[in-house]
Amino acid sequence: RFLRRAKPNTIVLAGLSGSGKTVIFYQLRDGSSHQGTVTSMDPNEGTFMLHSETDKKGKIKPVHIVDVPGHSRLRPKLDEFLPEAAGVIFIVDALDFLPNIQAVAEYLYDILTKACIVKRKTPVLIVCNKTDKVTAHSKEFIRKQLERELYDTVTILPSFCLSLMNSLSALSPPPPPPPPPPPPPPPTI
């Protein structure tokens, strides 16, 4: 299986299933507001002028947007687009955030720690979707909870992190020996 080469102006939409990635894709493409759930089994992608930019004058470059399905079994498709992505928009559902906080944090952590994202310093924008609903959590609440969950994910030290730490400590030079104790003071007469 070969990896698709993403275009240099590719923006990847990622997030859990049901977070609203596909609706945002259509809104960016043509301004349409789809109601209800739109389920994607394959990535939606297109190169187009953002709908919000069509009235502006001057040189506006089209953007290649890829909406990657959020179901855990389909997430490997993300790896086809991340290596050359100019940016990632990670979408969080503000309505169903708390029941899914661990899954959201793990998926975001997975993206943030991918070698291609780290090496290229690809920007990642976190978007809180569905915040217009009455029962939605605020972006401040989501930010704080997500930071706490990510901190817990990192500090729990999964086995690979522990293994990495052990490997790194094996590579570092041993600490210098402690200095000898000072000589005893001369006897007083």
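This report describes the fold, nonpolar cores, aromatic pairs, strand pairing and salt bridges of a predicted model.

## Overall layout

The chain contains 5 helices and 5 strands. Read from the N terminus, the order of elements is β-α-β-β-β-α-α-β-α-α. The chain has 189 residues, and 34% of them count as buried.

Among contacts with a separation of 6 or more, 69% are between residues 24 or more positions apart. The accessible surface amounts to about 12,700 Å², and carbon and sulfur atoms contribute 60% of that area.

## Nonpolar cores

In soluble globular proteins, nonpolar side chains tend to be buried together. In this model the largest nonpolar core has 27 residues, and the members that touch the most others are V12, L78 and F90. Two or more residues of this core come from each of β1 (10-15), β4 (87-93), α2 (101-112), α3 (115-120) and α4 (139-155). Helix α2 supplies the largest share, 7 residues.

The surroundings of V12 can be listed residue by residue. Beyond its neighbours within four places in sequence, V12 is in contact with V66, V68, L78, F81, L82, A85, G87, V88 and I89. Another core lies apart from the largest one; it has 9 residues, including I24, Y26, I65 and I89.

## Aromatic pairs

There are 2 aromatic pairs in the structure. One of them joins F25 and Y26 in an edge-to-face arrangement, with 5.5 Å between the ring centres and 75° between the planes. F25 counts as buried at 3% relative accessibility. Y26 has a relative accessibility of 18%, and because the cut-off for buried is under 20%, Y26 counts as buried too.

The other pair is F90 with Y107: the ring centres are 5.6 Å apart and the planes stand at 70°, so this pair is also edge-to-face. F90 belongs to strand β4 and Y107 to helix α2, so the pair ties together parts of the chain 17 residues apart in sequence. F90 is buried, at a relative accessible area of 1%, and Y107 is buried at 2%. F90 is also one of the three residues that touch the most other members of the largest core.

## Strands β2 and β3

Strand β2 covers residues 44-48 and pairs with strand β3, residues 63-67. The pairing is antiparallel and runs over 5 bridges. Within it, N44 stands opposite D67 of β3.

In a regular strand the side chains alternate between the two faces of the sheet. For β2, the covered face is made up of N44, G46 and F48, while E45 and T47 are on the uncovered face.

## Salt bridges

Side chains of opposite charge can pair when their charged atoms come close. The structure holds 4 salt bridges. One of these is between K114 and D79, where the closest N and O atoms are 3.1 Å apart. K114 is in the loop between α2 and α3 and D79 in the loop between β3 and β4, so the bridge links distant parts of the chain, 35 residues apart. K114 is buried, with a relative accessible area of 17%, whereas D79 is partly exposed at 32%.

K114 also forms a salt bridge with D110, and here the closest N and O atoms are 3.7 Å apart. D110 is partly exposed, with a relative accessible area of 36%. D79, D110 and K114 are thus linked in a network of salt bridges. In this network K114 takes part in the bridge to D79 and in the bridge to D110.

A further salt bridge joins the side chains of K130 and D93, at 2.9 Å from N to O. This pair, too, links distant parts of the chain: K130 is in the loop between β5 (124-129) and α4, D93 is in strand β4, and 37 residues separate them. K130 is partly exposed, with a relative accessible area of 24%. D93 has a relative accessible area of 10% and is buried.

Note on methods:
Residues numbered from 1 in each chain as written. Predicted model: local features only at pLDDT ≥ 70, side-chain atom pairs only at ≥ 80, totals over all residues. Heavy atoms only, no water. Core = buried A, V, L, I, M, F, W, Y, C linked by side-chain atoms within 4.5 Å. Buried < 20%, exposed > 50% of the residue type's maximum accessible area, 1.4 Å probe, protein only. Helix = DSSP H or I, 4+ residues; strand = E, 2+ residues; numbered from the N terminus. Contact = heavy atoms within 4.5 Å. Areas by Shrake-Rupley, 256 points an atom, 1.4 Å probe, with all protein chains shown as cover. Phe/Tyr/Trp six-rings, centres within 6.5 Å; stacked < 30°, edge-to-face > 60°. Pairing = 2+ DSSP bridges.
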